[in-house]
Every structure is written in structure tokens, then in C-alpha cells.
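Trainee: I'd like to learn how to read strands, helices and their packing off a model. Can we walk through one together?

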Amino acid sequence: MSMPQSYDASLLDEERYRLLIDAITDYAIYMLDTDGRVASWNPGARRFKGYEAWEILGEHFSRFYTDEDRLARVPERALQAAATEGRFESEGWHVRKDGSRFLAHVVIDPIWGRSGELLGFAKVTRDLTERKQAEADLRRSEQKFQLLVQGVTDYALYMLDPEGYVSNWNIGAERIKGYSADEIVGKHFSQFYTQEDRERGEPQRSLETARREGRFEREGWRQRKDGTRFWAHVIVDAIRNDDGEILGFAKITRDITEKVEAQKALAQAREELFQAQKMEAIGQLTGGIAHDFNNLLMAILGSLEILKKRLPNDPALVPLLDNAIQGAERGAALTQRMLAFSRRQELNMQAVDTATLINGMMDFVRRSLGGETRIETRFPDGLPSVVTDPVQLETALLNLVVNARDAMTNGGLITVGAEEYVAEEGTEKLKPGRYVRLSVSDTGEGMDEETLARATAPFFTTKGVGKGTGLGLSMVQGLTEQSGGKLVIESEKGKGTTVSLFLPAADADDCPQSPERTAPLPAAAPNEHLTILAVDDDALVLMNTTLMLEDLGHTVIEAYSGADALRELKGGTHRVDLVITDHSMPRMTGSELAAAIRKEWPDLPVVLATGYAELPSGGDNRLPRLPKPFSQSQLQDVIVAALAGA
């Protein structure tokens, strides 16, 4: 007799159900009878709990619970809840066959018969240990991350929602921006931007770029809570979910103000080093050229002076000679400027009362300015003296006044003033101490930044061709730096110019006057005729010096080098009364020759002819100096002074 087809289908469904249950290994799925005894057992249950089917079938399911839960009658309450409420669900510790525990998620559903009678329970258990461990690991990781983020103080790390409102805040953000978390969370991040950037739409642009490209990075000014600004490096990263939707933005801000300032300082130091090297190179070139010019002018001026003495007083010839002498003297003045720029000029350093010096110049200065230009002086009482060369300072101030006059084409006001200035540690180009700031200000057209940057460059001038050498400000700068100070020029186009000379204030023991360095008073020629050894490697200069000495009645022995001079002295053919030597000579300088002479002939006076301010280390700075180019009267005066000091 054949079975009904519906019965066959039911058997087939049951078989499929059994196969499905047996295939599940991630869940323990089994049946309990009405008393709670195990009626079925699937592979998932065997894997979780460790029991084979023959070991557990017929046993009460309470053995899966901990002793504490059994004492608390948790298994009975679970079945009762499932029967009365239609379902029981909980999480808790369960026990395996080996006694180990695992965290389980349990669902118990009642099974009812067609007549409504309770047939048993279906129990599904899932091992949550791995999930809970992962959740715990995630929580620990999040806690560590939060500790890391909160521990960072050099960076502002915080989140923004998709609209740009701050959603969290770390300690670094509080330190850099000045807001506490309570003050800023929920506020729009645009308030960190400057007013100008907000008006240009920079906050919105940064979020749009991050949203479009995934990342935004830039440097710029940002604003703290107190309104102060800092230079910031900013990164904004877009945060998306698995579907690509924007969840918000991660924002990292670093205050790099100090770094930028350090980079600027380094760049400025490099530029200053480059300028110093360039100016040193130009200075050496200029000093060398000036030295050669001095030698040429020596020959010209000396020869003209002797020629003027020997020619008859012819009205037709004297003006020509005077004109030639005047031209040569102007050339000598130019070389003095060149030497001042290169800082090789001989300076007569002494304490100078600036107010007295400037007031003494005023009559002459006012006559040279013209009717449309006025000049005023402003000096406080008790102004200290400065340490410098008074003649060169007078020339420098006159140069500045003339520049100020030329800058005011329609006339105006020139103000010459002075004030005491104290340089602290770290003041640019000045040692700590007391200074006097001499200033010359005008109301002229001023200079733009490019012109101001080049103002002290040698041979740079804004005047027309033939109206300026371009060495005026270079000479002033050379004088101030050689005196131990500095030159500062402040100017703005259309608002005039102020040139300031910072010169060291004189102390009581500054610039002691020594017999060798004090400018000698005009003296009569010595009664006796002297034998003088003249030393110079330039034949024209040596010939000119010889002519002037012979014209004074002296006998001259010529030597073209230090070695020649020493051989002449050692030869003993003539008794030499005085040596006049050039300083700048190859192989043996004048100061080296003087040292050798002092060693062998300590009583023999030596005069050093030079236009340089500084002798090399080891040079004898006590030697009488004869500034080049020199006149016959200067030569006569230094001979008298040298013999008097011998």
C-alpha cells in the first residue's frame, strides 16, 4: 500500500531540517523536554560545550550553568519565562565539559503541540567569547587612542561633523587655540580663521577640498581665543563610512610660528652673510684701488707743490697750478671716501662733543642749503660725548645734510638731532652699552623698499650723472662701523628719510692721547740737515718723497723694499737719522720693517706712511703715522714729532 504524498513531503522537510541543523557549527541548537532534559544535539553544541551526543542526551541542561546560577535557580527560571512569556533571552557565563567557562548568548523558545500542550523547548546558544573579546579589545584600543590623542600637546587634534562643527577636542587644541572643550565643542571651526580668511571663504573651501579630494593641507594665519595670531600648518582629512558617505572630518593643526621665524632668521642670516661677504670683497677691491690712487696722487700733489714753490709768481701760471692742485685734492678726498667705505682709513679716534661739533657747522651748512630749505637742531642736555674721528664725523654729517637737501626739490625741513641710546644684549650689530644716536631727517620724497635696500651699496646713487659719486652713505657706514657703531636708514616713499648714526658713548678713559698719535703742531724745520732713509716700492711715490725731503734740505737714501732698507742700514755707509717707510709693501710690510729696525737699532726713529686705519696683528701701532697723500708741510711736521719722541 503506497504512503500518501503529503506524508512523503513531511518526511522530506524533516530530513532537510535535520541536515540544516547538523550543518550549523557556530550555534548550539538542541531540544529540551518539558523537564529540561536534552532531547537532541547538533555539531555546534558539541563544539561549544564539548559533549558528544551519547554523553549528554537525557541529561538536564542545568549542567551547562555555573554553580552560582544553579544555586540561584537560573535554569528553572529560564524555562518558566520561556513557557509563560513565549521566549527567554539572556547573556551570561556557561560551563563546558572540561569546566572552562564561555560567555554565551542564549535564546529559549517553547514548542507547543497542535492541541496547545507544551512539548518541550528549542534552545539556541551562541559563544560570545570572541565577540566580547573583540569588543573589549576595541574598547581598550579606543581608550588607548583617546589617551594618545589627549596626551598630544604639540598638535591640535579634533573632529568636525560634516557641516564643520567641532565634535571633540584634545589638550593640544586647548593649548594652541586657548579654548577648553566646554567652550568650543558644538561651535563652527571657522572661528579659528582670521576675519580676512573668513570673508574669502577659506573655511568652506578647505572642507570642500577635503570632501572632493579626501585631504586638504595648507599653511596660514590662525586666530586664538585671545585674538592673537599664529602661523599654522593644517591638515583636514575626510572620514567616510563603508558606503562612502561623509561622517565628518579629522583636523590636525600645528603651531609652526617658531619654526617659520627660525627659517626667516636663518634666511636673513644667510642674506646678511652674503651681503657681508659681498661688501667685504668690494671693500677689499675699493681699498686696493684707493691705495693705488693715493700713490698716484702723492706723486701729482707733491710734484705740483714743489713746482709751485720753484716757479716764479706768474699770474698766468699760478691759477693753472692751483687748479691742478685743487683737482688732485678732490681726488684725494674721493680716495678718503673709498678708504672709509672699505674701513681702511686712518681715524683719529677721540671723545667728541656732538652738540658742539654740529653747532659749529651750522653757519656754513645754512649758507649752503639755499633759501627754501630750513634746518633745525635738537640736542638734550647732558648728552654724552661719542668716540669717533671728529673730522670724518663732520664730513659724514655734511654729506647727510646735502643728501637731505637734494631729496627736497621744493625745499623743506632738515632736522639734526641726537639722543642717548642703550643697547641691550642681542641688539642687532651693537654690543651692549651706551650709545648716542645722531640723526638727520628730511621731509623729502623718501625712498621705496628697493632703493632703501641699495642705499649704502658702493657707487649707487639716485642723483644725475656727474652729481654724486655713490660713496657718501658708504663712507658714513664705514665711519660708524669703524667707530664701533652702526648706520640705520628709515624711509618711506613720500614721507621723507631719517638716517641715524649709532656711535659709542665716551667714557672718562676713552681715547687716551699718546705722543705718537697726537697730531703735531706746526713746527719749524730742524736746524741740522738729516740723513733720511726713504722706503717705498712705488718709484713715483719714492721720487716725490725724495724731492720734498731734499727741498727741505735733507739728504735722502732711497730703498725700494724692506730688505733693501735693512741692507743699507747694515752696510753702515751713511749714518741714518730717520726712516720713513710705506706700510703696504710686498714680502715685508712697513710695520715689519719697523720691528726689525727697533730690534737692531732701537734708537732709530721710524715714520710709517699709510692711508690704512688698521695694521696687521703684531704691527706697532705706536709708530708715528704720515697719512697718504701727504703735503710737504705734513712731512716736515712728522719729522719734527718723530725726532722729539725718539
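Mentor: Sure, let's start at a turn: in the hairpin of S6 and S7, with 5 residues between the strands, Gly227 takes a positive phi near 90°. This is a predicted model, where local features need pLDDT of at least 70, side-chain atom pairs count only at pLDDT 80 or more, and totals for chains, interfaces and linings use all residues. Residues are numbered from 1 along each chain as its sequence is written, and side-chain values use heavy atoms, leaving out hydrogens and water.

Trainee: What do strand and helix labels stand for, and how many bridges join S6 to S7?

Mentor: Labels are DSSP runs numbered from the N terminus: helices are H or I with at least four residues, strands are E with at least two. Two strands pair if DSSP finds at least two bridges between them. Here 9 bridges join S6 (residues 215-223) to S7 (residues 229-240), and the two run antiparallel. Gly220 stands opposite Ala232 in S7.

Trainee: Which strand does S7 pair with over 9 bridges, in a hairpin with Gly244 in the turn?

Mentor: That's S8 (residues 246-255), again in the antiparallel sense. Ala238 stands opposite Phe249 in S8. The hairpin has 5 residues between S7 and S8, and Gly244 has a positive phi of about 85°.

Trainee: In what order do the strands of the open sheet with parallel pairing come?

Mentor: The order of its 5 strands is S17-S16-S18-S19-S20. S17 (555-559) and S20 (625-627) are the edge strands, each pairing on one side only. Inside the sheet, S16 (residues 531-535) and S18 (residues 578-582) pair over 4 bridges in the parallel sense, and Leu533 stands opposite Val579 in S18.

Trainee: How do the axes of H17 and H20 cross?

Mentor: Axes are lines fitted to C-alpha atoms, for helices over the stretch in contact, with angles from 0 to 180 degrees between N-to-C directions. The axes of H17 (residues 539-551) and H20 come within 10 Å and cross at roughly 70°. That makes H17 roughly perpendicular to H20 (under 35 degrees is roughly parallel, over 145 roughly antiparallel, 65 to 115 roughly perpendicular, the rest oblique).

Trainee: Which residues in H17 and H20 meet there?

Mentor: Contact means heavy atoms within 4.5 Å. Thr545, Met548, Leu549 and Asp551 in H17 meet Gln632, Leu635 and Ile639 in H20.

Trainee: And for the whole chain, how many helices and strands are there?

Mentor: The chain comes to 20 helices and 20 strands. Of its 646 residues, 41% count as buried, meaning under 20% relative accessible area, with over 50% exposed and partly exposed in between (1.4 Å probe, protein chains only).
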